[in-house]
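Please open the structure in your viewer and keep the selection tool at hand. The stops below follow one another, and each says what to select and what is to be found there.

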Amino acid sequence: MKNKKNLFLTICTIILLPLLLTGCFNYHDINKVTFPTSVIFDINDLGEAVIYLDCIKPYRSTNDSSDKGRRIIYKGEGRTAMEALEDINRASSYKLNYSQTRAYIFTEKAAKNGIKKFLDLINNNSEFQVKPSAFIYYGDVDDLLSTVSADEEYLGLFLNDLVGKEKYNSKAVKSNINYYLSNVSMGGNTALLTSIELKENALDKKIEIDGASIFKDNILIEKINIENSLMYNILMGTAKTGILEATNPNSKSDFISLEIIDSNVKDNLSYENGAIKLIKDIEVDVSVSEIQGSLIVDSSALDYIRYNEEEYINGYVKYIFNKYKEKKLDIFDVERLAEMYFSKEDIKDPLSITELEVRTKLNIKGTGITRNSL
């Protein structure tokens, strides 16, 4: 009886298993699908939503093992973002599949007008994902789409690679949609997204990361330049790469380049007499990557470099903190930290009563070739 029962369960499992398995697109299916790699959100002069899709139309054949595809760009307009998307659907002869979308791009014009309606579309439409990176583009959309050259054929894939490269982390901030949606609804309703622009290159224009953009209540307020972005990332403990420049002690006109290897920050908050004191213990590991002029690298020279760079970082990050504190932009998560540390206190506008103390420790590990050599 037991053997019959086991046999019956085995047969049922064999029958049901194929129904539970899902496979990838076959050749017939993939030839009928278009994949947007990036979605650009803009508005027109009437304030209506404008959406661009930069797509791959793939083609595969059972007789040819190679992948083929061509680039297609769609544009739709409507009073709402969904209506603009439907405008595109009417022009597309193939189904649009958003599983390969790698970047959401908001134009400066759309960002200043407010991106909530576009976020609602991304957050509520089951076809969209929240993992792709998000960017604010400063410039003309037609220039952006026409600038993409052969080595950057698909805009979304290129931007995904660009922001993912380690050497660019010092210029960018965490900026996928999931991160943004989580942070803009916490604390002071403030969050950052990576900025991009077209820059003149040796022969043509190239897309480059250009700092970060500050949002409050889903409206673009201000742009942070590249240098300030690096110091902001150091302040927040997210700078894993980047370059610091120190003056050569033997020649004030020459510089020493220090490559950031790693950094971390420890926060400590205290609340007394109606004031918050935020202490940031910053530790930055660097290596000497370039020395202009002549320098004998001994303990005296290293102490000089270390002291001056520590003071430079202390002063710069305090300047950035006070700058945005005066503008009431809590890009430092002070309100969230206050809620965590002082949950029983009813503190109104904690950023305005917060004073920052910065204590930087710079560790010079060695040269760019040999670590721990000094």
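## A buried ring and its partner

Begin by selecting Phe41, a residue that counts as buried because its relative accessible area is 0%. The model on screen is a predicted one, and Phe41 is a convenient place from which to enter it. Add Tyr104 to the selection, which is likewise buried, at 0% relative accessibility. How many aromatic pairs does the structure hold? There are 13 aromatic pairs in the structure, and Phe41 with Tyr104 is one of them, a tilted pair with 6.2 Å from centre to centre and 35 degrees between the planes. Since Phe41 belongs to strand 1 and Tyr104 to strand 5, the pair ties together parts of the chain that are 63 residues apart in sequence.

Now widen the selection to Phe41, Tyr98, Tyr104, Phe106, Phe118 and Phe128, which ring pairs link into a cluster.

## Strand 1 and its neighbours

Next, select strand 1, residues 33–43, and colour it by accessibility: the strand is mostly covered, with 11 of its 11 residues buried. Bring in strand 5, residues 103–107, which runs parallel to strand 1 and is joined to it by 4 bridges; within this pairing, Val39 stands opposite Tyr104 of strand 5. Then add strand 4, residues 95–96, which pairs with strand 1 in the parallel sense over 2 bridges, and look for Val33, whose bridge partner in strand 4 is Lys95. While the strands are in view, it may help to recall that side chains in a regular strand alternate between the two faces of the sheet.

## Two charges over rings

Select Lys57 together with Tyr94, and turn the view until the ring is seen from the side: Lys57 lies over the face of Tyr94, at 4.5 Å from the ring centre. A second arrangement of this kind can be found by selecting Lys223 and Tyr138, where the charged end of Lys223 sits over the ring of Tyr138, 4.4 Å from its centre.

## Where two helices cross

Two packed helices are described by the angle between their axes and the distance between the axes. Select helix 5, residues 116–124, and helix 8, residues 177–184, which pack at an angle of about 115 degrees with their axes 12 Å apart. Helix 5 passes helix 8 in a left-handed crossing. Which residues of the two helices meet? Show the side chains of Leu119, Ile122 and Asn123 in helix 5, which meet Ile177, Tyr180 and Leu181 in helix 8.

## Loops worth a closer look

Move on to Thr80, in the loop between strand 3 (64–78) and helix 3 (81–91), which counts as partly exposed because its relative accessibility is 40%. Select Ala49 as well, and compare the C-alpha atoms of the two residues: Thr80 and Ala49 are 31 residues apart along the chain, yet these atoms are separated by 5.7 Å.

Asp333 is the next selection, in the loop between helix 10 (299–326) and helix 11 (334–341). Is Asp333 buried or exposed? Asp333 counts as buried at 19% relative accessibility, because the cut-off for buried is under 20%. When residues up to four places away in sequence are left out, Asp333 touches Asn183 and Met236.

Two further loop residues can be compared through their backbone angles. Asp217, in the loop between strand 8 (205–216) and strand 9 (219–224), has a positive phi of about 55 degrees although it is not a glycine, and Asp217 is partly exposed at 46% relative accessibility. Asn273, in the loop between strand 11 (251–272) and strand 12 (275–291), has a phi near 55 degrees, again a positive value in a residue other than glycine. Asn273 is exposed, with a relative accessible area of 82%.

## The whole chain

Finally, clear the selection and show the whole protein chain, whose secondary structure comes to 11 helices and 13 strands. Of its 374 residues, 46% are buried. Among the contacts in the chain with a separation of 6 or more, 66% are accounted for by residues 24 or more positions apart.

Key. Residues numbered from 1 in each chain as written. Predicted model: local features only at pLDDT ≥ 70, side-chain atom pairs only at ≥ 80, totals over all residues. Heavy atoms only, no water. Buried < 20%, exposed > 50% of the residue type's maximum accessible area, 1.4 Å probe, protein only. Contact = heavy atoms within 4.5 Å. Pairing = 2+ DSSP bridges. Phe/Tyr/Trp six-rings, centres within 6.5 Å; stacked < 30°, edge-to-face > 60°. Lys NZ or Arg CZ within 6 Å of the ring centre and 35° of its normal. Axes fitted to C-alpha atoms, helices over the stretch in contact; angles between N-to-C directions. Left-handed = near helix turned anticlockwise from the far one by under 90°.
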